[in-house]
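I opened this entry to keep track of what I looked up, beginning with a single pair in a sheet and working outward from there.

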Amino acid sequence: MSRTVRTTCPYCAVQCNFDLHLEAGQAVRITPTRECPVAGGTVCKKGLSALSDLRHPDRLTTPLLRRDGKLREVSWETALSAFAAQVGPLLDTDPTQLGVFGSGALTNEKTYLLGKLARVGFGTPNIDYNGRFCMSSAATAMNRSFGLDRGLGFPLADVAKADLIVLFGANIAETLPPVMQFLKAAKDRGATIVNIDPRSTPGLSQLHLNLYPGTDHLLAGLLLKLMGEWGRLRPSAPAEGQREVLDSVAHLTPEQVAAACGLDVDDVLKLAQLYAQAHHPLILSGRGPEQQTNGTDTVSALINLAFLSGHFGKPGGGYGTLTGQGNGQGGREHGQKNDQLPGYRHLNSPADRAHMAAFWGVPESALPGVGKSAQDLLLSCGDDIRALVVIGTNPAISAPGAPLIRERLAALDFLVVIDVLPSETALMADLVLPGSMWAEEEGTTTNLEGRVQRRRRAMTVPGLAREDWRILCDLAHAVGRGEKFRYADFPSLQQEFFAATAGGKADYSGLSAERLDSGTFQWPISHAQHPGTPHPYFAPYATASGRAQLHPVRMSVPERPALTLTTGRVAGQYQSGTQSRRNPALKGTPDVQMHPETARQYGISQGQAVHLAGPHGETVLPAQLTPKIRPGVAFIAFHWPGSANELTSAHALDPHSYMPAFKSGAVRASVQPVL
Ligand code: SF4
């Protein structure tokens with residue numbers, strides 16, 4: 001029998017809709033749909049080839065338990081007994097010794113359930129997720145200025161209304177391809193597009209400023225100062241901190257900033273003139289300026305510029321951040337962050353704690369406080385974290401300082417991984433529990449514009465695999481803490497989740513599966529007739545005073561190592577590659593990209609094996625010489641074992657967001673000797 005199920009692509013935060021065609025219960029084809037409310041029928045090659053993972057020969061279909069050093073197939077009963085035997089005593093003595101590490105790939109319902117499981121079920125504060133490595137700097141900066149973090153505070157269609165689009169470290173063409181149509185529409189209407197990035201990435205830009213990594217705040221600070229000098233300041237709304245912000249940039253000069261950023265002063269002034277002349281300038285940031293030790297402050301500098309020059313919140317203007325992971329937006333709203341409760345509530349807020357404790361029927365004192373953030377959690381493994389549950393992510397490859405992280409994971413007493421394919425982290429585990437893939441589960445996800453969409457189940461899980469939400473409930477029951485985890489079916493869980501968000505900043509309580517069958521809605525959606533909120537950033541803001549809180553930024557000039565490593569993604573792969581490396585339709589092999597001038601300095605030629613060394617490890621990669629990267633910078637994508645995170649620092653974190661410095665660190669390079 002043939003069937004078609006409309007669902008959403010699991011891979012990135014655009015969340016393109018497509019039709020999944022099934023024959024005799026098996027998925028056979030994906031076709032885009034023009035009815036997609038996000039991308040209007042465009043999908044990228046990752047989405048089109050997503051079927052490859054569903055029944056891949058490596059698919060995990062049976063629980064695996066390590067015995068005599070090897071992972072061996074066992075029944076669920078044995079697997080859950082092993083979990084109870086190892087984790088139960090920890091929970092009885094000191095539950096803080098259990099860590100939970102989640103993922104921006106999880107649906108909103110699983111995010112909610114994971115946070116509830118950690119805090120209400122296990123009683124540990126130590127839960128965080130891999131979105132800490134992705135979105136946290138922009139989220140922290142938006143929260144501290146406006147009390148709200150929704151990546152794009154406008155629908156993607158607004159991008160087409162901008163007359164100037166300034167991309168700070170955002171490689172849209174390779175990482176979010178369907179978004180290019182909105183830039184193209186803006187350009188067709190006469191907009192100018194500027195790309196600010198140490199690499200010349202594909203796109204439509206008319207001006208490229210290949211600044212030195214980690215100097216974006218200086219450029220933003222100078223633009224703000226010049227807007228003041230040129231009479232272009234008109235705050236978007238009442239704000240606090242305006243004087244301090246302006247004072248913090250008063251000393252900057254175009255010449256100084258151009259020198260610190262490694263740019264031509266004429267290009268810097270050209271950008272300033274474009275910004276001053278534009279009526280609807282839009283700044284979009286990606287991970288380039290965010291994955292830095294000054295990532296939060298840099299986003300604040302971008303916000304200050306957009307806000308004080310009067311463009312914040314304006315259709316087609318202002319500032320937005322481009323969320324990356326499949327459910328990177330929803331994944332940071334409902335409780336898997338170390339400091340957060342569902343509906344974007346905060347664990348440090350007495351009112352939020354009391355509300356959620358009452359909702360869950362537990363004493364407020366039973367809710368733990370703020371726990372370790374992601375990298376701290378991983379680095380604590382084997383010390384005060386004795387057991388770790390990981391779901392849907394692969395920190396053995398994707399965490400910075402991966403060799404050290406693997407050491408810490410190996411030092412655990414018990415590592416549990418819930419996943420669908422044998423990731424490098426799963427292969428280190430003591431217990432592997434086979435979960436569900438995107439086409440095998442119901443739920444909701446929230447895209448980069450805060451649009452909540454329905455994910456529909458098209459097929460059942462293979463073999464003995466179980467839907468993730470059931471596994472999470474099974475773990476609670478295995479340790480005798482299942483009282484709050486008795487759901488008759490998935491709709492019961494989903495209804496509880498929607499209700500849990502009521503009154504929160506990210507309020508989904510007006511949603512139901514039925515409502516989501518006929519549309520998508522941007523949050524907050526606070527009642528069943530609520531149409532959704534395309535533009536959530538308006539005064540009074542969700543701050544204590546209702547005014548925007550602007551933060552002055554220290555205009556420090558970062559150290560410039562002889563060779564700076566910057567990392568990122570390539571079009572044909574996704575995240576740590578657990579799925580995309582197994583997909584024959586997706587291509588790419590690891591290499592180190594450097595400018596021919598830099599290569600000459602190190603005696604390196606095209607294709608030659610380069611030995612690279614970082615603070616925690618080393619690797620050897622072939623050289624890919626390209627004039628599209630600025631001299632003195634080396635780029636390595638992080639999708640493969642032995643790639644970027646062998647070289648990144650495990651300890652260099654932004655002090656506000658705890659975001660690691662993936663985008664700039666020192667690396668040593670030399671020609672690999674041949675024996
Ligand atoms: Fe999937 Fe993102 Fe590609 Fe769309 S752009 S098909 S959501 S990976």
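I started with Val452, which stands opposite Phe521 in strand 21. The model is a predicted one, and I read every entry below with that in mind.

**Entry on the three-stranded sheet.** I then looked up the strands around that pair and found that strand 20 (residues 451–455) is joined to strand 21 by two bridges, with the two strands running antiparallel. The sheet they belong to is open and has three strands in the order 19-20-21, with antiparallel pairing. Its edges are strand 19 (443–446) and strand 21 (521–522), each of which pairs on one side only.

**Entry on the seven-stranded sheet.** I turned next to an open sheet of seven strands, whose order is 28-23-27-24-26-25-29 and whose pairing is mixed. Strand 28 (665–666) and strand 29 (668–671) stand at its edges, and because each has a single partner strand, one side of each is left without a neighbour in the sheet. Within this order I checked strand 23 (residues 564–568) against strand 27 (residues 633–637), and the two pair in the parallel sense over five bridges. For one position I noted the partner explicitly: Leu565 has Ala634 in strand 27 as its bridge partner.

**Entry on a helix pair.** I asked myself at what angle the axes of helix 4 and helix 20 cross. The axes of helix 4 (residues 108–122) and helix 20 (residues 490–500) come within 10 Å and cross at roughly 80°. Since angles of 65 to 115 degrees count as roughly perpendicular, helix 4 is therefore roughly perpendicular to helix 20. I listed the residues that make the contact, which are Asn108, Glu109, Tyr112 and Leu113 on helix 4, and Leu493, Gln494, Phe497 and Ala500 on helix 20. By class, the residues of this contact divide into five nonpolar, two polar and one charged.

**Entry on domains.** I recorded the domain assignment, which gives domain 1 (2–54), domain 2 (64–130 + 334–502), domain 3 (136–321) and domain 4 (564–671). For domain 2 and domain 3 I also noted the spacing of their C-alpha centres, which lie 36 Å apart.

**Entry on the ligand.** Last, I looked up which of the 13 residues around the ligand come nearest. They are Cys9, Cys12, Cys16, Cys44 and Gly47. The shell around the ligand comprises 10 nonpolar, two polar and one charged residues, and it draws at least three residues from each of domain 1 (2–54) and domain 3 (136–321).

Terms used. Residues are numbered from 1 along each chain as its sequence is written. This is a predicted model: local features need pLDDT of at least 70, side-chain atom pairs count only at pLDDT 80 or more; totals for chains, interfaces and linings use all residues. A residue is near a molecule or strand if its C-beta atom, placed from the backbone, lies within 6 Å of it. Ala, Val, Leu, Ile, Met, Phe, Trp, Tyr, Cys and Pro count as nonpolar, Asp, Glu, Lys and Arg as charged, and the others, Gly among them, as polar. Domain bounds come from an automatic or database domain assignment. Axes are lines fitted to C-alpha atoms, for helices over the stretch in contact, and angles run from 0 to 180 degrees between N-to-C directions. Helices (H or I, at least four residues) and strands (E, at least two) are DSSP runs, numbered from the N terminus. Angles under 35 degrees count as roughly parallel, over 145 as roughly antiparallel, 65 to 115 as roughly perpendicular and the rest as oblique. Two residues are in contact if their C-beta atoms, placed from the backbone, lie within 7 Å. Two strands pair if DSSP finds at least two bridges between them.
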